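Me: I'm new to reading structures, and I'd like a close look at a single part of this one. Could you take me through the salt bridges of one chain and show how they sit in their surroundings?

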Amino acid sequence: MEVGYYGLLQTVADLLKLLQKEDIVPLSADRKMFKPAPVLIFVAVFAGFAVLPLTSGFTGSGIDAGLFYLLAIVSLDVMGILMAGWGSNSKYALFGSMRAIAQIISYEIPLTLSVLCVVMISQSLNLQEIVYQQGIWIGKIDAEAVNYLFGIKALGIETTNIGGILTWNIFRAPIFLFAWLIFFIASLAECNRAPFDIPEAESELVGGFHVEYSGFRWAMVMLSEYGMMLLVAFLGAILFLGGWNSPLPNIGSVALADWTSGEPGTMVGHLWGAFWLIGKALLTVGVQMWVRWTYPRLRIDQLMNLSWKYLTPAGILLVLLSALWRMLMI
Amino acid sequence: MIELKDLLAPNAFDPLIYWILALFAFPLLSFFTTGLLKDKASVWSSLLLGINTCISGYIAVTYWGEMGTSLKGTWFEIGGTVFNYSFLLDNAALIMLVIVNFISLLVHIFSAEYMRHDKAKPRYYAFLGLFTFSMLGIVLFHNLLFIFIFWELVGLSSYLLIGFWFEKKSASLAANKAFIMNRIGDLGFLTGLMILYTQFETLDLGAIEFMMGESQIEDGNWVVTYFSNGKEVIHVLDGRWLSAAGIALFCGAVGKSAQFPLQIWLPDAMEGPTPVSALIHAATMVAAGVFMLSRVFVLLDAQALEVIAIVGAITALMAAVAALSQFDIKKVLAYSTVSQLGYMVLAMGVGAYDAGLFHLFTHAFFKAGLFLSAGIIIHQLHGLESEGVKFNTQDMRVMGGLKQHLPITFACFVICSLSLAGLPGFSGFLSKEAILINTHAWSVEKGGGYYLIELMAFATVILTAFYIMRAVMLVFTGKFRLPELTGVSDIAGKLKEGNRTLLIPVVILALLSLSFAFGSTFDAETSWLHKAVETPSGAMVPTKYAAVGQAEMLESAGADHIWLAVVSIGLALAGIIAALLIYKPGAKLAEAFDSKREPVSPLVQVSFYHWYQDVLYTKVILKFILTQSKMLAWFDEKILDGCVNLLARTQVVVAHLTGMFDRYIIDGFVHLTAFTSGKVGQLTRSIQTGNVQTYILSAIAMLIMLLLWFAF
Amino acid sequence: MTFATIILYCFIGLTLLSALYIAFTKNVLYAAFALILTFLGVAGIFMLIGAGFIAISQILVYVGGILVLIVFGVMLTNRLKGQQVTTPSYNKLLGLLVSGGLLFIFYKAIIEANFGAIKWIESAQPESPGLESFGMKLMTDYVLAFEVIGLLLLLALIGAVKIAAGARKEVEDAS
Amino acid sequence: MPVEHLVILGAILFCIGLFVVLTRKNAIAVLIGVELMLNASNINLVAFSHFDPDLLQGQVFALFVITVAAAEAAVALAIVVKVYQYFQTADLDKISELKG
């Protein structure tokens, strides 16, 4: 039984249903911590959206240190989870929150390192600027900026006006293919998605840190979790996959890139930009779901091993390589 | 004038030093390495000794000469005092070198069989090596300090070997006895060294001899003048110190060479393995004393020589008497050694340096031969022992008629015995003859009571012949007494001649006991060996104290040479014939011999118990000392301690009084002080809460006050 | 009074209130969570007086790092029997006196110093510097301090791990 | 917006931190107080930096202070955990081995 055409309104209906539900607070819970915890999580996650450049002309807040801000504000999420786990006064919740925190803090490091790679190549913390660099409108930010194939100036193949997929970060510096991989894996762990979902591990912990929540508080927790997924998907798209830039390059007179993206600031530009960015982000979310269905859950030691023994050293190596790559670009 | 430095100055480098070091190195190597080996120890150490013998032979041939080769060097210096080492390879040293090595080698070979079944064989061979090494030191060094060091080493190694079977109480006691008796003698030796050092400020024998020659007797004082580091030194000692030095040095020889009154250790030393006895008696231990005497011979004055002669004669006679009635074959030989050593010392005493040394050399061979023959007998008899049958393998009462069973041993034993008895044609005759002639000359010179000495020497001849033939008869003739004693009749058939390893050394030694080995049959004077060791002409000792010249003495006695020889041969023959008659098979004494127990006749007891010397020492001297100690202890305990205790009691009473004063009055003050400071401490301590926050609190409070102070 | 100034005072109020809450609550965990608000308030103030980078660093380091550490510390150093993790206090009066006294002195000093009258403050043109110049500054004028601080951080982390790791040994042995 | 207000805010925050440090028995609560004090100093640094002609000195130092605070917190908490394992308490009142 679905609501709406093809069940399109199902989410809205669920939301409405959950909002109407009774706000149950367990008797032994610490009310002062139990209650605000979902709010903190929700705020932390959705504050991150503030700096995302949705299109070429539309950004919540275009601050200089946008990327830095995003990483910082998202880490607030940890405190919320801690509050929730502790406040619930339930061992499952506590275990879940402990696991979640250990995992999030561990994976924050490779995540940050992979992001750092991008920052080193782009020389900017401003997300909008990072996106501009990856497309044909690079001139709008810096009139003298030039893109080369693989970012290597020595090759002499200028791609400034070709744009499209060739100017995406994973093309500007091909080592970013690995950086993006690390980013993707780490981001999966950041939002507690399978195969890194031991904090929720239904089979052992029932539901992780939010096991005691119900009603609209539970809805907020779930909303922020899926919000987080979308956020990291957006971030991945912006950092590595060209953001709102069209994937299609100009090939001589067949100016596919020009045709599939509008002049920044114009309505066409907004539409095309939003289309491409949301498309890329949803595709990433799709991959996340696909991974969830495909892979089994990791054990805690495997999880930690992966982060500390493989992803972190690889991330450090990539940072070094990015620095070298940046040398090639100028 | 004499400069001490010049006397001690090292001479030019001589490759001889390498040979000497090699001589020391091989026995020492044997000492250190055989302990690591097991069954191969005998072969290995015999090989090393063989090499050493070859080296000594080579050196002897190369450096054979009249004056001897001397080698000097600086050992170390303390301030201006030089301690040097020096070697002297004169003929005596070279012969001793060969003899020591050669007999040691034979003993090694003999022991290979004799000690075959002993588990501690490596230790045994190690000790043999050490023994040889130490003896070589005495022979080669020409510095009294080094001689003393090696002298002590010889003492140590003899102690180790006598007590080799230390599981046996008697063996360890015998070792102790030997060691202690030697210590008493060494005390004398050390005293002699000190006297010499005071006078000459060096212990190098060459230097001492030289300076001795330069020293004088003025107003009864012994004066030595020389330069030491450019400063003139005049040492003056009372003239009697000179005699004292000689006698003190002789004391060392008394201990080591088993002279009266310290000779009692030697018979007990028979507790060691028989080859060791051979080594001790022939070449190493007891020879050391005589050899040392020969080394210091020129330092001995007439007084000392007289003492030496008398002691030697007494020893010779006493030991010969003691040998007459022993049951133990090794004891007979042991007393015989003591007696012969007495001869040697006597020779030294009468100034017959050459005769004494000559007798030392000849004696070394025939006594080693006798001991090793006895060793064969003991070893073969030991082979008869089994679980059920135990007997004393050294007791002559179990022997008899061994001629049939051990023919070669018999032959060797007889040859060596005749040599000991001093029959012409054997080496013993030569050397003994020389001693007797010299003694006669000396007695004639001195006259009076000194004829007694000569009498003793001649009496010893007949006794020697008698006791050694007694031993031969009892051991080899008649019937085998063991089967009867044990009650096992077929035991006699099992007795076999010793194998080649045992026989070869004995045969060699027997051959060397024949006089032709020394180039002369009747006259010692013509023997090459005798010629090689000429008496030092002209004494070094200041003339007033020097003995009468040797040459004149001999000349005066030359006429008596022939009849002296006749008398001594006659005496020896008389002794032999008496023994043959008394102990011939079927004779009364020989038949009843096996049933003999402890002797009853007082005269025989005197002989058997060696003049009761041991008893005398334990009963009289020890008892005297013990009684004295007890008295002293009583005196100490009752009177001295009583005084002390009284004093202590008084002290305690006073101490109590002062203690009370201390406790109540002085401590009262101290406690008051302590209490006060403790209270103050408690007060101040309460601030130290150990709590950081309190500290911060007070610090900030202070800061605030400070700021307020400055601001307002 | 601009809108930004009102917001600024709001942040100041938030900071003070949460700090006071920390000072007077007995529950260590509440204090720790109230600290979030304090830090966020301070971050807001920083943001509004043109120190955006510091503000974000404040959030990242304090909230994302130190606070988590503190909360973990609370959890690790208390036997979790009941719900409340309380801490008694002592020296309350003395503490109040001393900190009050210090505050009084500070206040006096600040008023007397009259910062507003200082020339370089008076003539200053408050503006927000770019992130880029901040980075340039760090990598040029302050590069030594920057490197040293990095080294310090590394050493501190290694030290912390070393100190805390000792106790885990038996657990590892057991497994 | 006068600079005094911010400086006074810093002073108040510092004193609150000091109060916490002085009165709390729990070692971690004391640590919280220390963090408050560090923040107070940061406020001062940034506040003056706002008017600073050189503009960034204060901010740079504030950044350093934050870093040092992070290091300090890590080490301090490690020590507290260790102390807790040893004394079975994090109560500063009871950890007074140095008591005179």
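Reply: Let's start with one side chain: B:Lys177 is buried, with a relative accessible area of 19%. That is just a label from a cut-off, because buried means under 20% relative accessible area. Keep in mind that this is a predicted model, so every value here is computed from it.

Who is the partner of B:Lys177? Its side chain forms a salt bridge with B:Asp268, and the closest N and O atoms are 3.1 Å apart. B:Lys177 belongs to helix H7 (residues 169-200) of chain B, while B:Asp268 sits in helix H10 (residues 265-268) of chain B, so this pair ties together parts that are 91 residues apart in sequence. The two ends don't get the same label, though: B:Asp268 is partly exposed, at a relative accessible area of 25%, whereas B:Lys177 is buried. As for the general idea, side chains of opposite charge can pair when their charged atoms come close.

Now try another pair in chain B. B:Glu113 and B:Arg116 meet through their side chains in a salt bridge, with 2.9 Å from N to O. Here the acid is the covered one: B:Glu113 counts as buried because its relative accessibility is 11%. B:Arg116, on the other hand, is partly exposed, with a relative accessible area of 44%.

A third pair is B:Asp395 with B:Arg397, where the closest N and O atoms of the salt bridge are 2.8 Å apart. Are these two buried or exposed? Both B:Asp395 and B:Arg397 are buried.

Salt bridges can also link up. B:Glu152, B:Arg183 and B:Asp186 are joined in a network of them. Over all chains, the structure holds 13 salt bridges.

So what sort of chain are these pairs sitting in? Chain B has 27 helices and 5 strands. Of its 712 residues, 54% are buried. The chain also brings distant parts of its sequence into contact: among contacts between residues at least 6 apart in sequence, 79% join residues at least 24 apart.

One helix worth finding on your screen is H15 (residues 353-384) of chain B, which has 32 residues and reaches 46 Å from its first C-alpha to its last. That is close to the 46 Å expected at 1.5 Å a residue. Even so, H15(B) bends by about 30 degrees at B:His363. H15(B) is mostly covered too, with 30 of its 32 residues buried.

For a contrast, hop over to where chain C meets chain D. How many salt bridges are counted between them? The count is 0. There is still plenty to look at: 80 residues of chain C are in contact with 70 residues of chain D. About 6800 Å² is buried between the two chains, and carbon and sulfur atoms give 79% of that area. On the chain C side, C:Ile49, C:Thr77 and C:Tyr90 lose the most area to chain D, together 9% of what that side buries. Polar contacts do turn up, with 8 residue pairs found across this interface. Several helices of chain C each supply at least two residues of the side that touches chain D, among them helix H1 (3-24), helix H2 (28-48) and helix H3 (52-76). H3(C) gives the most to that side, with 12 residues.

How values were computed
Residues numbered from 1 in each chain as written. Chains lettered and ligands numbered in written order. Heavy atoms only, no water. Helix = DSSP H or I, 4+ residues; strand = E, 2+ residues; numbered from the N terminus. Expected span 1.5 Å × (residues − 1). Bend = angle between axes of the 7 residues up to and from the residue. Buried < 20%, exposed > 50% of the residue type's maximum accessible area, 1.4 Å probe, protein only. Contact = heavy atoms within 4.5 Å. Buried area = accessible area lost by both parts, 1.4 Å probe. Salt bridge = Lys/Arg side-chain N within 4 Å of Asp/Glu carboxyl O. Polar contact = N/O pair within 3.5 Å; in protein donor to acceptor, adjacent residues only side chain to side chain.
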